[in-house]
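I'm opening a fresh notebook page for this one. My plan is to look things up one at a time and jot down what turns up.

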Amino acid sequence: MTQHSQTEDTALVLFSGGQDSTTCLAWALARYPHVETVGFRYGQRHAVEMDCREPIRQAMASPRLGMDHVVDLTATIAGLGETAMTADIAIEMGQSGLPNTFVPGRNLLFLTCAAAIAYRRGLRRIVAGVCETDYSGYPDCRDDTVKAMQLAVNLGMERRFVLETPLMWLDKAATWALAFDLGGAALVEVIRERTHTCYLGDRTNRHAWGFGCGTCPACQLRAQGWERWTAAGNPSSDPG
Ligand code: ZN
């Protein structure tokens, strides 16, 4: 692969070490013969999720899985101001109707950086686990935002990237179901045990759906999805 060409069936997955991006990684590995991953440090309180990434990659154990990239945006994001995602302040709803965990511009930066890496690596598809079905209301997770970013990076880098968002229209129960369809009980177990979603970085409290504080917005979404999926009688619903 050269820097100046794109290979059709190759992908770069935005991989944070959470449930959604792990499901996206499994989705990409099921489709494309060459898949690389990228993760971002941005001073997130739950930096523990970055430590989850390599064990998850190893648990995926696919010959299709290529190199991992880590980009440090800590100084960039910190320089833009405080949010509850990056500072030790209470998580609450703001006047705008968005939780104060919203980091303005974060996903726009992530997609731009991912496209820059994909450009250098000759990768065509950029896969992100964003979703506007069962989410915190972040406007940069919406389908229109991602479609606009695809247009922007394709124009700005003169490439033909395809930004793919397999979870966009799935709720959290359907995301668990997708993981089961892709990798059966083994993948569901990797997600329960090894992925991290909790905004507070809690990896001491173990629930049926995995580790977390159980009360932050991210834990609540993950727990409610698990409960709806298991209530529907899925094949992997033992309480663990
Ligand atoms: Zn939590």
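**Entry 1: the metal site.** Before I start on the metal, I need to know what a donor is: an N, O or S atom within 2.8 Å of the metal, with 3.2 Å used for Na, K and Ca. With that settled, I looked at how the donors of the zinc ion are spaced along the chain, and they follow C-x14-C-x2-C-x2-C. I should also note that I'm working with a predicted model.

Which residues coordinate the zinc ion? I found C198, C213, C216 and C219, each through its SG atom, at 2.3 to 2.4 Å. Next I checked the angles that the 4 donor atoms subtend around the zinc ion, and they run from 105 to 117 degrees. Four donors count as tetrahedral if all angles lie between 85 and 135 degrees, so I'm writing this arrangement down as tetrahedral. I also looked up C216 and C219, and both are buried.

**Entry 2: helix α7.** C219 turned up again here, on the list of buried residues of α7. That list also has A218, L221, R222, A223, G225, W226, W229 and T230. What covers them? I found that the cover includes α1, α6 (172-194) and β7 (210-211).

Then I tried a ruler check on α7, which takes in residues 217-231. Its 15 residues should span 21 Å at 1.5 Å a residue, and the end C-alpha atoms are 21 Å apart, so the two agree. Just after α7 I came to G233, which has a positive phi of about 80 degrees.

**Entry 3: helix α1.** Since α1 helps to cover α7, I went there next. Helix α1 covers residues 19-31, which makes 13 residues. From its first C-alpha to its last it reaches 19 Å, close to the expected 18 Å.

How many of its residues are buried? I got 11 of the 13, so α1 is largely enclosed by the rest of the structure. The buried ones include C24, L25, A26 and W27.

**Entry 4: odd phi angles.** A reminder to myself: most residues other than glycine have a negative phi. I went looking for exceptions and noted A61, with a positive phi near 40 degrees. A61 sits in the loop between α2 (48-60) and β3 (65-72). Its relative accessibility is 61%, so it counts as exposed, the cut-off being over 50%.

E158 went on my list too, with a positive phi near 50 degrees. I found it in the loop between α5 and β5 (162-164). Is E158 buried or exposed? At 70% relative accessibility, it counts as exposed.

**Entry 5: a loop residue, Y138.** I looked at Y138, in the loop between β4 (123-127) and α5 (143-157). Is Y138 buried or exposed? Its relative accessible area is 5%, and buried means under 20%, so Y138 is buried.

Then I asked what Y138 touches. Leaving out residues up to four places away in sequence, I got M85, L98, P99, T101, F102, R106 and Y199. I also checked Y138 against N107, which is 31 residues away along the chain, and their C-alpha atoms are separated by 9.5 Å.

**Entry 6: salt bridges.** Why would side chains pair up like this at all? Those of opposite charge can pair when their charged atoms come close. A search of the whole structure gave me 12 salt bridges.

I started with R125 and E8, whose closest N and O atoms are 2.8 Å apart. This pair links distant parts of the chain, with R125 in strand β4 and E8 in strand β1 (residues 7-14), 117 residues apart. R125 is buried at 12% relative accessible area, while E8 is partly exposed at 41%.

R125 also has a salt bridge with E164, at 3.5 Å from N to O. E164 is in strand β5 and R125 in strand β4, 39 residues apart. Both E164 and R125 are buried.

Another pair I looked up is R206 and E193, at 2.3 Å from N to O. R206 belongs to strand β6 (residues 206-207) and E193 to helix α6, 13 residues apart. R206 is partly exposed at 29%, and E193 is partly exposed at 30%.

My last note is on shared partners: salt bridges join E8, D9, R124, R125 and E164 into one network.

Conventions: Residues numbered from 1 in each chain as written. Heavy atoms only, no water. Helix = DSSP H or I, 4+ residues; strand = E, 2+ residues; numbered from the N terminus. Buried < 20%, exposed > 50% of the residue type's maximum accessible area, 1.4 Å probe, protein only. Contact = heavy atoms within 4.5 Å. Expected span 1.5 Å × (residues − 1). Tetrahedral: all angles 85-135°; square planar, octahedral: opposite > 155°, others 65-115°. Salt bridge = Lys/Arg side-chain N within 4 Å of Asp/Glu carboxyl O.
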